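Visitor: I'm new to this one. Can you walk me through it?

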Amino acid sequence: MEVEKEHIYITPTELENLSDAPFSGDEENGGSEEQKTEINGNWIPATSITEAKINAKAKRRLRKNSSRDSGRGDSVSDNGETLKIGVVPTSPKGKLLDRRSRSGKGRGLPKKGGAGGKGVWGTPGQVYDVEEVDIKDPNYDDDQENCVYETVVLPLDERAFEKTLTPIIQEYFEHGDTNEVSEMLKNLNLGEMKYSVPVLAVSLALEGKASHREMTSKLISDLCGTVVSKTDVEKSFDRLLKELPELVLDSPRAPQLVGQFIARAVGDGILSSTYIDGYKGTVDCVQARAALDRATVLLSVTKGGKRTDNMWRAGGGQQSVKHLVKEIDMLLKEYLLSGDVLEAERCLQELEVPHFHHELVYEAVVMVLESTGEKTFKMILDLLKSLWRSSVITMDQMKRGYERVYCEIPDINLDVPHSYSVLERFVEECFQAGIISKPLRDLCPSRGRKRFVSEGDGGRLKLESY
């Protein structure tokens with residue numbers, strides 16, 4: 001019984017797109033009978049159709065793998081098997097760091113560098129053009145083109161004022177540049193707190209050194225006319241006089257110092273010369289009256305309030321060596337008259353020249369050599385002993401002062417005949433008091449004697465130690 005063969009008509013394009021249908025029962029059982037299919041009037045064996053299906057399936061798999069593993073060297077053998085040439089299996093970590101699409105879609109190319117799309121900033125270094133206003137924009141406003149945008153700085157209140165300006169003034173005490181302080185204050189909205197700038201500066205200077213008070217006077221003088229006015233300066237000193245009872249608690253010398261600030265302001269021309277006269281007979285506060293009296297005395301001494309550079313006795317690098325030598329000489333003479341060791345110590349510290357203390361040691365020893373009585377000898381010994389024990393004068397400065405005397409004793413001996421004996425005695429007393437060390441005492445020179453070398457030397461003299 002003959003089996004009628006079924007005729008199937010497919011095109012070549014449909015041949016490549018054949019689905020992965022399972023094989024027929026004969027193909028699975030390995031039947032020996034050859035089946036043929038007629039395509040476009042040609043009878044094609046069933047085995048050829050099977051091979052075409054396998055090749056089409058292999059090509060689809062290759063295209064799918066190429067989208068995932070682009071460029072990995074996949075190929076198809078003659079029998080339809082996929083071959084991978086030179087491919088090393090990737091680790092799971094490598095798949096996590098892969099920048100290609102994992103969704104199976106796309107052309108298998110790497111992702112963009114994160115610089116495109118909606119709502120992003122763009123690539124690093126990208127320069128944006130000025131965005132022009134769209135007239136057709138529903139939110140467009142005609143007044144936008146004429147708008148001027150400015151930064152509004154709110155005025156400082158009392159608490160923020162002190163918190164902001166205190167670091168500025170303390171930093172000024174370090175660098176001393178008034179122009180920098182002026183620029184920083186101009187960037188702040190001081191409002192009605194302008195008069196408080198001199199008040200805060202003087203309050204901080206009262207607790208500082210003499211150099212800080214000198215710098216404060218210069219700062220107020222330079223700020224007057226740029227940041228504050230003369231009216232603000234007068235208002236600031238009015239407030240300082242009212243706050244003197246509270247300032248005395250922290251600075252006992254506040255009345256005298258405020259009086260010096262007033263005198264210096266009058267001398268600099270930033271405060272009216274009639275300012276003090278306006279308070280006559282109207283001051284009930286004892287501290288304010290003492291400050292005004294101090295200012296009146298200083299103005300009378302300085303001949304009408306002319307500015308003097310030694311108002312605060314500011315030392316350190318701001319004064320010349322000649323001026324420092326003069327200040328130390330006056331300090332020693334005042335000490336010999338008053339005998340106040342603590343006052344002499346305070347005045348020495350106010351000079352702020354610890355590297356120049358050897359000058360005081362030198363001048364003090366020379367005064368002992370030039371004196372005729374025992375009073376100067378004992379007072380200078382007590383002064384050096386006090387300065388040594390309080391560590392105001394260091395060992396190095398003490399040594400340098402004595403060495404200078406040792407080097408110049410021959411010249412001093414020409415004016416003071418008994419200087420060698422007095423020096424030996426004073427050095428021994430200083431050693432017994434613990435002021436100098438034994439090696440420094442042993443360096444003390446002894447007095448020489450005169451003798452003729454020989455009769456043929458023409459009467460030349462030779463110095464020789466005992």
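Visitor: How do the residues lining the second largest cavity divide into nonpolar, polar and charged?
Guide: The lining has 8 nonpolar residues, no polar and no charged. Ala, Val, Leu, Ile, Met, Phe, Trp, Tyr, Cys and Pro count as nonpolar, Asp, Glu, Lys and Arg as charged, and the others, Gly among them, as polar. This is a predicted model: local features need pLDDT of at least 70, side-chain atom pairs count only at pLDDT 80 or more, and totals for linings use all residues. Numbering runs from 1 along each chain, and side-chain values use heavy atoms, without hydrogens and water.

Visitor: Which residues line the second largest cavity?
Guide: Ile169, Val197, Pro198, Ala201, Leu219, Ile220, Leu223 and Val228. Helices α7 (196-206) and α8 (210-223) each supply at least two of the lining residues.

Visitor: New topic. How many aromatic pairs are there?
Guide: A search of the whole structure finds 4. Rings of Phe, Tyr and Trp (its six-membered ring) pair if their centres lie within 6.5 Å; planes under 30 degrees apart are stacked, over 60 edge-to-face, the rest tilted.

Visitor: Why is the pair Tyr275 and Tyr279 edge-to-face?
Guide: Their planes are at 65 degrees, so the pair counts as edge-to-face, and the centres lie 5.4 Å apart.

Visitor: Is Tyr275 buried or exposed?
Guide: Tyr275 is buried, at 7% relative accessibility. Buried means under 20% relative accessible area, exposed over 50%, partly exposed in between (1.4 Å probe, protein chains only). Tyr279 is partly exposed, at 23%.

Definitions and conventions
On a 1 Å grid over the protein atoms alone, a cavity is a set of points where a 1.4 Å probe fits but cannot get out, and a pocket is an open set with protein on both sides within 12 Å along at least five of seven lines; lining residues have an atom within 4 Å of a point. Helices (H or I, at least four residues) and strands (E, at least two) are DSSP runs, numbered from the N terminus.
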